[in-house]
Amino acid sequence: MAIVYKNCDEIVIPQHVCDDCVGGESGGIRSIALIQKDFNLTNITTAAAWLAGIESGDIIIVPSTRGTFDGGSAVTAAGYGDLAQVTTGYNFTLTARDPSYKQNQTFWNLIKGRKDLKVAYRTKSLIHISDVPASITPTNPVEEGLETVVDWQVTFTWTSANLPEPYDATALLIEVFSCFEVEAEP
Amino acid sequence: MLTFSCLAGAKFFGVAEPIVRLVDEGEEWFPVVIDNDGEDRYVFIDDDYPLGIYHHIIGKTYIPAVKNSYGDSQAFTVQADMKLICWGLRNQVRTTADRIESFIYASLPEVAVPVRSSFDRSLVFSNEFRGVQFFLPEVAFLFSVDYYLKYTPARRACIDLSDLCVE
């Protein structure tokens with residue numbers, strides 16, 4: 001009788017990609033977008049797909065921001081066998097500051113109640129999207145000092161097993177993250 | 001007490017620049033206000049006015065304002081270093097240069113931050129009139145106030161080029 005050792009299904013891990021000619025991605029949360037979780041953003045790197053979402057009201061663009069993304073803090077569970085613990089996911093925190101202050105009180109006040117919005121954030125040339133809806137907490141603190149700026153400081157938090165995936169933001173797509181108004185059909 | 005009456009008739013010339021005149025002894029520099037047609041106007045002591053004030057733009061420093069930067073643009077704060085020159089005729093204003101300077105300090109708008117004053121008539125004169133022999137009469141006072149203006153310049157996307165030139 002043969003002995004068969006049981007294993008989990010093998011996870012195929014692609015090769016690590018190295019390229020000495022590629023510069024690093026420049027940081028800063030330069031723009032954010034709020035995306036209705038059921039909206040089918042099929043071709044994520046094309047401007048047309050984003051514009052369709054904007055026109056249907058499923059995507060809201062906040063074009064000019066600054067902020068940080070913490071990259072996620074690990075959620076772990078006790079391990080078995082030789083592993084003391086295993087990583088089961090991450091708690092992510094994104095903060096973005098919106099300088100369009102006075103006219104957006106109603107916007108941020110109402111957005112905080114939405115539980116169906118994923119958040120996308122743009123670094124210099126890449127767009128990343130949370131794969132689950134985020135909890136949204138806007139605040140408007142006033143800092144000391146005559147030269148400080150009062151802006152909306154918005155915190156997005158979500159929990160996921162996956163790290164956000166970066167997508168190329170083409171020049172045309174970056175234009176979508178601009179200051180514009182969506183006019184109602186006459 | 002310093003009142004507005006002693007400043008009645010004061011002349012505010014605006015921003016002056018130095019121009020040069022060639023004389024036998026070499027170059028003589030003096031401050032004028034130049035209009036858009038290239039015509040210049042003398043801004044220094046004149047019996048028609050009891051007191052005169054003009055300014056120089058010394059230069060600007062652009063300081064990155066990381067905390068004010070949003071989107072892809074780097075915001076800057078501009079510090080424009082300025083010099084205010086004030087001259088007056090004591091027999092007409094009936095007060096001292098020091099009190100006039102205190103009044104100017106108190107009257108500066110919030111955006112203007114004073115740095116230092118100089119009441120050395122000879123030094124201020126020689127800076128304004130390079131190559132010119134000192135000619136201030138005793139009845140005239142002269143002082144300068146260094147100050148700077150700190151402000152956030154308009155973003156490029158927000159500048160209307162049609163407003164750039166005065167027709």
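**View 1. Two strands of chain B run side by side in this predicted model.** Here strand β1 (residues 11–15) of chain B meets strand β5 (residues 51–64) of chain B: they run parallel, and 4 bridges join them. To find your way in, look for B:K11, which stands opposite B:G52 in β5(B).

**View 2. β5(B) pairs with β6(B) too.** This pairing is antiparallel and takes in 13 bridges. Stay with B:G52 and you'll land on B:W87, its bridge partner in β6(B).

**View 3. Helix α2 of chain B has buried residues and exposed ones.** In this helix (residues 97–107), look for B:A97, B:I100 and B:E101, which are buried. They sit on the same side of α2(B), because they cover an arc of only 100° around the axis. Flip to the other side of α2(B) and you'll meet B:D98 and B:A106, both exposed. So what sits over the buried residues? The cover includes β6 (76–89), α1 (90–93), β7 (112–118) and β8 (140–151) of chain B.

**View 4. The largest nonpolar core has 28 residues.** The residues with the most contacts inside this core are A:I32, A:A33, A:I35, A:L94, A:V119, A:A120 and A:F156. Several elements of chain A give two or more residues to the core, including β1 (31–36), β6 (117–122), β9 (152–160) and α3 (171–176). Apart from this core lies another, made of 17 residues, and B:W87 from View 2 is among them, along with B:Y54, B:V124 and B:F141.

**View 5. A:A33 and its contacts.** Leave aside the neighbours within four places in sequence, and A:A33 is in contact with A:I59, A:I60, A:I61 and A:A120.

Note on methods:
Residues numbered from 1 in each chain as written. Chains lettered and ligands numbered in written order. Predicted model: local features only at pLDDT ≥ 70, side-chain atom pairs only at ≥ 80, totals over all residues. Core = buried A, V, L, I, M, F, W, Y, C linked by C-beta atoms within 7 Å. Buried ≥ 20, exposed ≤ 12 C-beta atoms within 10 Å, placed from the backbone. Contact = placed C-beta atoms within 7 Å. Arc of directions from axis to C-beta. Pairing = 2+ DSSP bridges.
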